[in-house]
Amino acid sequence: MAGHGAQKLFGLFGGPGLTGTGKAFADYGYHPGELFAGIAGASELLGGLGLAVGLFTPLAAAALIGVMINAMVLAAPHGLWVNEGGMELPLIIGAAALAIAAVGPGRLALDRPFRWRDGGLASAAFALGLGGLGAAIVTLV
């Protein structure tokens, strides 16, 4: 996910960068496109890095869950399967982020000194609630 964020924000890994992604977001109905592209890119970059190193895991999971909920909303008219433009992939990524929040970041995580290091229902509920709230705000705006 961090790589997808880098594509959106900086044009790395063959991505379109913020201007190109902003135009695509505007075509999807997100106005101003560059603002929402920046929010999505930063959420993917920081959320992906956070989950990868196990830092602020519930917050990182919330960032990815929020982006994936919006991706599912866009893909829902195409059905479930990804080969038909459906929401299969964002559903799986969102579920994986939620699962990581629930089970905790792992032994080598940078979150080890913090109380959310073991995951649990509270961490999962926080990630899902904050991600859902963020997605709802973006969708409604």
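Which residues make up the largest nonpolar core of this chain? Keep that question in mind as you look around this predicted model. The chain holds six helices and zero strands, and its pattern along the sequence reads α-α-α-α-α-α. Its radius of gyration is 15 Å, close to the 14 Å that the globule rule gives for 141 residues, so the chain is as compact as a globular protein of that length.

**The cores**
- Here is the answer: the largest nonpolar core has nine residues, namely Leu51, Ala60, Ala61, Ala62, Leu64, Ile65, Ala97, Ala101 and Ala127.
- Two helices, helix 4 (57-75) and helix 5 (88-103), each supply at least two residues of this core.
- Helix 4 gives the most, with five residues.
- Try finding Ala61 in the structure: setting aside neighbours within four places in sequence, Ala61 is in contact with Leu51, Ala97, Ala101 and Ala127.
- There is also a second, separate core of six residues, including Phe25, Phe36, Ala37 and Val138.

**Overall dimensions and packing**
- Along its principal axes, the C-alpha trace spans about 45 × 30 × 30 Å.
- Of the 141 residues in the chain, 37% are buried.
- Take the contacts between residues at least 6 apart in sequence: 49% of them join residues at least 24 apart.

**Surface and charge**
- The accessible surface of the chain comes to about 7,700 Å², and carbon and sulfur atoms account for 71% of that surface.
- The chain carries 6 positive and 7 negative charges, and the mean positions of these two groups are 14 Å apart.

Notes: Residues numbered from 1 in each chain as written. Predicted model: local features only at pLDDT ≥ 70, side-chain atom pairs only at ≥ 80, totals over all residues. Heavy atoms only, no water. Helix = DSSP H or I, 4+ residues; strand = E, 2+ residues; numbered from the N terminus. Rg over C-alpha atoms; globule rule 2.2 N^0.38 Å. Buried < 20%, exposed > 50% of the residue type's maximum accessible area, 1.4 Å probe, protein only. Contact = heavy atoms within 4.5 Å. Areas by Shrake-Rupley, 256 points an atom, 1.4 Å probe, with all protein chains shown as cover. Lys, Arg positive; Asp, Glu negative; His and termini not counted. Charge placed at Lys NZ, Arg CZ, Asp CG, Glu CD. Core = buried A, V, L, I, M, F, W, Y, C linked by side-chain atoms within 4.5 Å.
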